[in-house]
Amino acid sequence: MEVVQGIDQFIGEPQLWGKGIGSIMIRKMVDYLLDDKGAAMIVLDVKKTNTRAISSYEKCGFKQMKELNNDSILMGCIKETRE
């Protein structure tokens with residue numbers, strides 16, 4: 001049985017946005033879940049309008065999978081496709 005993990009993260013302090021903290025946090029979590037915990041895939045959802053987050057997720061190996069509703073996208077990362 002393949003394990004799928006979901007993540008959700010939030011940087012609430014605007015003065016910390018745009019400093020690469022989110023990308024570092026996501027990469028560390030992805031590495032941990034895929035390499036140490038044996039996850040086959042990691043998924044998350046993001047608002048379509050959150051282009052900053054989408055860019056960060058894509059830098060970390062996530063791909064857009066499908067629209068969940070009018071304002072959200074399901075993204076996923078599997079071990080074989082991450083950077």
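Which residues does Ile-42 touch, not counting residues up to four places away in sequence? That was what I wanted to know when I opened this predicted model.

**Entry 1: Ile-42**

I listed the contacts of Ile-42 and got Gln-5, Ile-7, Val-30, Leu-33, Leu-34, Phe-62, Met-75, Gly-76 and Cys-77, leaving out residues up to four places away in sequence. I'll come back to Gly-76 further down, since it has its own contact list.

**Entry 2: the whole chain**

I stepped back and looked at the fold. I found two helices and four strands in the protein chain. Reading from the N terminus, I get the order β-α-β-α-β-β. The radius of gyration is 13 Å against the 12 Å that the globule rule gives for 83 residues, so I can call the chain as compact as a globular protein of that length.

I also looked up the box that the C-alpha atoms fill, which is roughly 40 × 30 × 20 Å along the principal axes. Of the 83 residues, 33% count as buried. The accessible surface is about 5700 Å², and carbon and sulfur atoms hold 52% of that.

For contacts between residues at least 6 apart in sequence, I noted that 56% join residues at least 24 apart. Charges next: there are 12 positive and 12 negative ones, and their mean positions lie 4 Å apart.

**Entry 3: the core**

Nonpolar side chains tend to be buried together in soluble globular proteins, so I went looking for a core here. The largest nonpolar core has 17 residues. The members that touch the most others are Val-30, Ile-42, Leu-44, Val-46, Tyr-57, Phe-62 and Met-75. So Ile-42 from my opening entry is on that list, and its own contacts include Val-30, Phe-62 and Met-75.

Where does the core come from? Helix H1 (21-36), strand E2 (41-47), helix H2 (51-59) and strand E4 (72-78) each supply at least two residues. The largest share is from H1, with four residues.

**Entry 4: along strand E4**

I picked three residues in this strand and started with Ser-72, which sits in E4. Is Ser-72 buried or exposed? I count Ser-72 as buried because its relative accessibility is 8%, and the cut-off for buried is under 20%. Beyond four places in sequence, Ser-72 touches Asp-45, Val-46, Lys-47, Lys-48 and Glu-67.

Gly-76 is in E4 too. With a relative accessible area of 6%, Gly-76 is buried. I wrote down its contacts outside four places in sequence as Ile-42, Val-43, Gly-61, Phe-62, Lys-63 and Met-65. For Met-65, 11 residues away along the chain, I noted a C-alpha separation of 6.5 Å from Gly-76.

Ile-78 is my third pick in E4. Its relative accessible area is 26%, so I put Ile-78 down as partly exposed. Leaving aside neighbours within four places, Ile-78 is in contact with Leu-34, Ala-40 and Met-41. I also looked at Tyr-57, 21 residues from Ile-78 along the chain, and their C-alpha atoms are 13 Å apart.

**Entry 5: a serine in H1**

To finish, I checked Ser-23, found in helix H1. Which residues does Ser-23 touch, not counting residues up to four places away in sequence? I got Ser-56, Lys-59 and Cys-60. At 7% relative accessibility, Ser-23 goes into my notes as buried.

Notes. Residues are numbered from 1 along each chain as its sequence is written. This is a predicted model: local features need pLDDT of at least 70, side-chain atom pairs count only at pLDDT 80 or more; totals for chains, interfaces and linings use all residues. Side-chain values use heavy atoms; hydrogens and water are left out. The radius of gyration is taken over C-alpha atoms; the globule rule is 2.2 Å times the number of residues to the power 0.38. Buried means under 20% relative accessible area, exposed over 50%, partly exposed in between (1.4 Å probe, protein chains only). Contact means heavy atoms within 4.5 Å. Accessible areas come from the Shrake-Rupley method with a 1.4 Å probe; for residues, only the protein chains shown count as cover. Lys and Arg count as positive and Asp and Glu as negative; His and the chain ends are not counted. The place of a charge is taken as NZ of Lys, CZ of Arg, CG of Asp or CD of Glu. A nonpolar core is a set of buried Ala, Val, Leu, Ile, Met, Phe, Trp, Tyr and Cys residues joined through side-chain atoms within 4.5 Å.
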